[in-house]
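Work through the exercises below with the model open. Each task is followed by a stepwise solution.

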Amino acid sequence: MASQKATEELNEPASKVELKSEAGGADAIPTYDITLQVRRYSPEISEEAHWDEFKLTMFGTDRVLDALHKVKWEIDGSLSFRRSCAHGICGSDAMRINGRNRLACKTLLKDLDLTKPITVEAIKGLPCEKDLIVDMEPFFQAYREVMPFLMNDGHEPERERYQSVEDRERFDDTTKCILCAACTSSCPVFWTDGQYFGPAAIVNAHRFIFDSRDDAGDMRLEILNDKEGVWRCRTTFNCTEACPRGIQITKAIAEVKQAIIARSL
Amino acid sequence: MQVHKYDVVIIGAGGAGMRAAIESGQRARTAVLTKLYPTRSHTGAAQGGMCAALANVEEDNWEWHTFDTVKGGDYLVDQDAAEVMAKEAIDAVLDLEKMGLPFNRTPEGRIDQRRFGGHTRDHGKAPVRRACYAADRTGHMILQTLYQNCVKHNVEFFNEYYVLDLIMVEDEDGKKRPAGVVSYDLATGDVHVFQAKSIVFASGGCGKIFKTTSNAHTLTGDGMAIALRNGIPLEDMEFVQFHPTGLAGLGILVSEAARGEGGILRNSEGERFMERYAPTIKDLAPRDIVARSMANEVREGRGCGPNKDYVLLDLTHLEPAHIDAKLPDITEFARTYLGVEPYTEPVPVFPTAHYAMGGIPTNIEAEVYANSEETIPGLYAAGEVACVSVHGSNRLGTNSLLDINVFGKRAGISAAEYAQTADFLPIPEDAANRTLELLGMLRDGTGTEKVGAIRKELQDVMDTDMQVFRTADTIKNALNVIANLEERYKNISVQDKGKRFNLDLLEAVELGFLLELAKVMSVAALHRQESRGGHFREDFPNRDDEKFMKHSMVYLDPEAETESIAGLRFDTKPVIFTRYEPMERKY
Ligand SMILES: Cc1cc2nc3c(=O)[nH]c(=O)nc-3n(C[C@H](O)[C@H](O)[C@H](O)COP(=O)(O)OP(=O)(O)OC[C@H]3O[C@@H](n4cnc5c(N)ncnc54)[C@H](O)[C@@H]3O)c2cc1C
Ligand code: SF4
Ligand code: FES
């Protein structure tokens, strides 16, 4: 807050400034030729999945989602994938791109090795329904099981509940989750044991366990102390690497583990 | 075909739909039908904030908020609705806090507030801190919090169910009443009918009519078009808000919070040009004014970049720590998508189609109007799909997240209360026929036209001819192009012939909605020979209260013709005044 005042007072912007000649940059945007390999699966046609290859000319600013759209809109309308916001906030389009889980709308083509084909397939560990679309129900089921909502026993205040800036900061990281499943579906434990809650559910439990306004932390810790709970995590960090929101998932899981231990002491 | 029976059916699970569901679900048997998983809704994209005169950080009150809303909307606002919204804003924010929303806090631990364009102290004296926020993820937090509370209250969702039609039947008096909806299950391709006593439209906006937009791919105006096809008028469709700061070329939004926190706009000469257009509040002038000023700078040759087609948003005088604390997500967008480092470089921006002020007309109880006087019992709308009208001709920033909460809640309560007293109306045998025919026509068609190509041409022409500057000529050109595209649409075919997850087919349906709405929007724009709020006619640059201080209402009507467009009927609805006389809107 103090810094806000300071910024306002000290830095009243100038009416006119010299712009560097390249300000706002952007020379003409270069184009690239790329090869996109997509794992196709359509049980109405065949129980066998196969790979399709598309050669496309794309712009340097394009994302993998733009390449998928180009295929869908100009070449093969049956290519199926979910997407909505197109800028990394709705969580619709987690997929395996070159073997790593990411959001197609946040993965710029120019950041990939374009000398090789780009491979795109559905995320693993959830049943594939068609092409890049998986059944999200098991994922949301695990989420619901950690009781992802504020529970407060106290009487309702007339105005807002107070919360200090520090207390609010305590769980900021895990509020960023967009439920895209990139983490859970990159977790080797989840691949072999679909009963495991998975990192996303733990992230969303963490968001409430460390919220000073919530009174149900013990109940959630109890749930996560289950045999399919946090102890299954083997700290492989796949989840943290996969998270498009940059959430420190492994750290959040470790904090939940510590809270369980602290509670039983 | 499967038939389901619920007291209340809510169409859409964004902020408005889920806020309605929380109320309705506790009072009546409620189903929420949504084409997206609830947490994928575009409410999650909202960044800057939700306003309420909490007066947590400085003096404020709901009357000032009402005034700003009315003035911001260039007096086309229904003042009774604006009053309700500004009054109930305070509880709307407190409700969300109690549900768990992690607002940013003041040093005392109260909900923090910040400035936003058009929100002022004491009728325009100075900017006021009225926007409650959670970093620059306010919409994300609202969407998550509402979903969490829906989980808590066991709200029944039908995810990835596309509503494609409304079932209207005649009652004893020969009046049209809603009996249910027809929906399409994406996973199986099956058509399901939902019979209901009350139906709530909460299906969001229609930004995809334009090419450059901050809206999601899925915002195709379905609810508006479905209402229109069922004889319901659409109100004030000519008013679209073009947000000043879309990332150049992409349309991705950089929230007004960037300017609220001190960011400023510069042209190619490095000049802070808003000082010329709005000397008092400069960069925080209402969006329509800023957007036109930017477009004007570009037109007059002071644009930046290789094609001189954008201006710059300068944050470089702010401390990086401040930027990180208050604007983390949107500065990351600039880095990811444009490769620009906002700490040290100004960000290329240009106006982007952002918000539909118009929509399905409702009163303050969220009841849908059948015409300029009567409402339809059992039919409700809230959120961006609706027009109450609290935004008039131009919405103030942070007033939409507020709108969805206040009127979402009202819609949920109204719908449930009506359902408690009403009976189910019988579903006619042929209720789903129109939908089945449409789907059959699109799926089995052997035409040569492609969805992607038609949609692109539509979006291109709307960007060129119906954006921040309009004239009779540009609008007529848009209408000609749309007429031609509508013809071509009849000759469309989709490649995916399957039943499972056939998004190819649904994109074709959505394109039909877009074309219809673009036509309505353009006709209303042609009719309004004045400039007001988001609608700027270069051939009629002034506001004309004498002729146009009224809402436009466009109906689909095969027998009618308006502005030489067959099949549309034009009418008007009076603006509701309570306490503010129209004044010139100066900042
Ligand atoms: C980038 C961005 C930033 C914004 N920032 C702010 C801000 O800071 N402050 C502010 O006040 N406003 C802001 N707005 C505006 C505000 O976010 C939206 O107007 C508001 O969230 C709309 O909410 P909604 O519930 O009406 O619709 P949405 O959240 O769009 O939800 C629509 C719902 O309808 C469903 N649906 C649509 N069609 C169908 C169908 N045919 N069948 C079934 N379901 C359907 C969808 O699945 C979805 O669940 C912003 C908007 C954008 C785009
Ligand atoms: S924690 Fe990250 S990767 Fe996991 S679901 Fe949430 S946003 Fe996606
Ligand atoms: S499309 Fe929304 S996250 Fe990628």
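**Exercise 1: Backbone outliers**

B:A135 is buried, with a relative accessible area of 6%; buried means under 20%, exposed over 50% and partly exposed in between, with a 1.4 Å probe and protein chains only. This is a predicted model, where local features need pLDDT of at least 70, side-chain atom pairs count only at pLDDT 80 or more, and totals for chains, interfaces and linings use all residues. Residues are numbered from 1 along each chain as written, chains are lettered from A and ligands numbered from 1 in the order written, and side-chain values use heavy atoms, without hydrogens and water.

Task: Locate B:A135 and state its phi.

Step 1. B:A135 sits in the loop between strand 5 and helix 4 of chain B. Helices (H or I, at least four residues) and strands (E, at least two) are DSSP runs, numbered from the N terminus.
Step 2. Its phi is positive, about 45 degrees, although B:A135 is not a glycine.

Task: Find what B:T398 shows in its backbone, and whether B:T398 is buried or exposed.

Step 1. B:T398 lies in the loop between strand 18 and helix 11 of chain B.
Step 2. B:T398 is not a glycine, yet has a positive phi of about 75 degrees.
Step 3. Its relative accessibility is 4%, so B:T398 counts as buried.
Step 4. The loop between strand 18 (386–387) and helix 11 (399–421) also holds B:S389. The peptide bond from B:V388 to B:S389 is cis, with omega near 5 degrees.

**Exercise 2: Helix 4 of chain B**

Task: Compare the span of helix 4 of chain B with the expected value.

Step 1. Helix 4 covers residues 138–152, 15 residues in total.
Step 2. The expected span is 1.5 Å times one less than the number of residues.
Step 3. From first C-alpha to last, helix 4 reaches 21 Å, close to the expected 21 Å.
Step 4. Of its 15 residues, 14 are buried.
Step 5. Just after helix 4, B:N154 takes a positive phi of about 55 degrees.

**Exercise 3: A sheet in chain B**

Task: Give the strand order and the edges of the open sheet.

Step 1. Three strands of chain B run in the order 3-5-4, with antiparallel pairing. Two strands pair if DSSP finds at least two bridges between them.
Step 2. Strand 3 (50–51) and strand 4 (113–121) are the edges, each pairing on one side only.
Step 3. Strand 4 and strand 5 (residues 126–132) of chain B share five bridges. B:T120 stands opposite B:P127 in strand 5.
Step 4. Helix 2 (residues 62–72) of chain B packs on the sheet and touches strand 3, strand 4 and strand 5. Contact means heavy atoms within 4.5 Å.

**Exercise 4: Strand 5 of chain A**

Task: Identify the bridge partners of A:V120.

Step 1. Strand 1 (residues 31–42) and strand 5 of chain A pair in the parallel sense over three bridges. Here A:V38 is the partner of A:V120.
Step 2. Strand 3 (residues 94–97) and strand 5 of chain A are antiparallel, with two bridges. Here A:I97 is the partner of A:V120.
Step 3. Both faces of strand 5 (residues 118–121) are covered: A:I118 and A:V120 are buried on one side, A:T119 and A:E121 on the other.

**Exercise 5: B:K499**

Task: Describe the surroundings of B:K499.

Step 1. B:K499 lies in the loop between helix 14 (472–489) and helix 15 (503–527) of chain B.
Step 2. At 36% relative accessibility, B:K499 counts as partly exposed.
Step 3. Leaving out residues up to four places away in sequence, B:K499 touches several residues, including A:E44, B:Y184 and B:D190.

Notes: Axes are lines fitted to C-alpha atoms, for helices over the stretch in contact, and angles run from 0 to 180 degrees between N-to-C directions.
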